[in-house]
Amino acid sequence: MDKFFKVTESGSTIKTEIIAGLTTFFAMAYIIFVNPNQITGFTPGLDGIWNSVYVGSIVVAVIGTLLMAFLAKMPFAQACGMGLNSFFFVSFVLPEVISGGNPVDGYQAGLVIVLISGLVFLILSITGAREYIAKAMPECLKKAIPAGIGLFITFIGFQNVGIIQANQYTLTQFVDINGAIHGGDGIISVLPALLALVGFLIIVILGRLQVKGNVIIGMLATAVLYYILTASVPSMDMQQIGQAFKDFGQIGFLGCFKAEAWKLAFSPELVGGIFGGIMYVVSFCLVDMFDTIGTLYGAASEADLLDENGDPIRLNKCMASDSIATVAGACLGTSTCTTFVESASGVAAGGRTGLTSLVVACCFFVCLFLTPLASIVPACATAPALIYVGVLMLKNIKKVDFDDFGSAAPAFLTLIMMPLTYSIANGIGIGSIAYTIVAIFTGKYQKKDIMVTIIGLLFILKFCFITM
């Protein structure tokens, strides 16, 4: 195993890789439950779709992460992308719910769009076009992407436990501790937020003391505190597993190949016709491509897995793994599979090889039959890892030349738009548009900027024709 994954050669150990894999898994295990919730929109009466997506999400995570382990041999994990799953629900499932149609038909039509976008990914990966697009990104954007992802996953961590809450006047606010103390819910209602902050400080302190495994130690300590202070025990309900497999076989598995699904995927009633269907394919392509590119650059930068040009090593194999997983996901009944930003938590824990990914895949496989195990670690224990990784990744912004506004402004927009629009791809798209416009009007536009211009134009089309 050491020889195959080149663990020692990479400056790591098998123990470190295992700890890193466990760290990544627990940081992203929420997707097992969140993905089916997002695709069904928490809508009552969609139990069949929920169960199908639940099984499909786990299987595609196993397939995608194994590809990362054995094909790319990189410490990254894959699963169904957040954002795209909500977009999937709003675009394909919700219209059928509102019109009184069959939500399963809309669900399977959406899988057709995912399948086509996955095939496009695969062709671009095989031909090397995706790698070329990634490497053609301007240096200022390459440096800003990891920092932007750092802010993005920190924001996710804050939201998951309520550290940041909604506010009707200011959009967001800090957790209302005073309201909890003097209100009806009591301090227990904000306990997850407070414990997440405590867990983050534990990880930071251990990290400064150079304690190995500080991330997972902090996560486990926070989980123990949570169960002690809430006087609760983990739920281990195993009754729904059999029904989930049955629904998966009847609804999700190969549902994208049904003739009616293909007809509906480009119908005027659901997507506005052939042009609408094509724009949905383009949107899924853009978001998945640049989510993946952003995550790869961010995590590879943190792991020091960049080549002499500042690009992730084995980039094309990573992208091939991503595109194959997306095609597999469509066949298995779930939305687009992408490289998960939470992979950075495992990298922060020392993961440097495909062995980390193998551990993550094994954990997901176990959850296929023992899913309640994934819910043992509460959100307040995984949020500290995401916040800590945000700190580590933000340091990349110092590599941007802020004395040159041609670099500084696009980099800043890339950085800030990722958390504010809740999308890595949107941040890259807006940064690309800004870079192109500034380069043109300041006389700095060069031949090498043609690709970033095309990227910007595609995002302009997406913003104009598709809301997500």
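Helices (H or I, at least four residues) and strands (E, at least two) are DSSP runs, numbered from the N terminus. The model on screen is predicted: local features need pLDDT of at least 70 and side-chain atom pairs count only at pLDDT 80 or more, whereas totals for chains, interfaces and linings use all residues. Residues are numbered from 1 along each chain as its sequence is written, and side-chain values use heavy atoms, with hydrogens and water left out.

**Stop 1: the start of H8**

Select residues 139-161, which form helix H8. Show the side chains of Glu139 and Lys142, which meet in a salt bridge (a side-chain nitrogen of Lys or Arg within 4 Å of a carboxyl oxygen of Asp or Glu). The N to O distance is 3.5 Å. Both residues lie in H8, three residues apart, about one turn of the helix.

Accessibility is graded as buried (under 20% relative accessible area), exposed (over 50%) or partly exposed (in between), with a 1.4 Å probe and protein chains only. Lys142 counts as buried because its relative accessibility is 5%. Glu139, at 41%, counts as partly exposed.

Add Lys143 to the selection. Lys143 also forms a salt bridge with Glu139, and the closest N and O atoms are 2.7 Å apart. Here the two residues are four apart in H8, again about one turn. Lys143 is partly exposed, at 23%.

**Stop 2: Lys448 and Asp449**

Now select Lys448 and Asp449, joined by a salt bridge with the closest N and O atoms 3.6 Å apart. Lys448 is exposed at 52%, while Asp449 is buried at 3%. Then select Asp311 and return to H8: salt bridges that share partners join Asp311, Glu139, Lys142 and Lys143 into one network. The structure holds four salt bridges.

**Stop 3: H8 against H19**

Keep H8 and add helix H19, residues 405-420. The two helices pack at an angle of about 25°, their axes 7 Å apart (axes are lines fitted to C-alpha atoms over the stretch in contact; angles run from 0 to 180 degrees between N-to-C directions). H8 is therefore roughly parallel to H19 (angles under 35 degrees). The crossing is right-handed (the near helix is turned clockwise from the far one by less than a right angle).

For the contact itself (heavy atoms within 4.5 Å), show residues of H8 including Leu141, Ile145, Phe152 and Phe155, and residues of H19 including Pro410, Leu415 and Met418. The contact residues divide into 14 nonpolar (Ala, Val, Leu, Ile, Met, Phe, Trp, Tyr, Cys and Pro), three polar (the others, Gly among them) and no charged (Asp, Glu, Lys and Arg).

Definitions and conventions
Angles under 35 degrees count as roughly parallel, over 145 as roughly antiparallel, 65 to 115 as roughly perpendicular and the rest as oblique.
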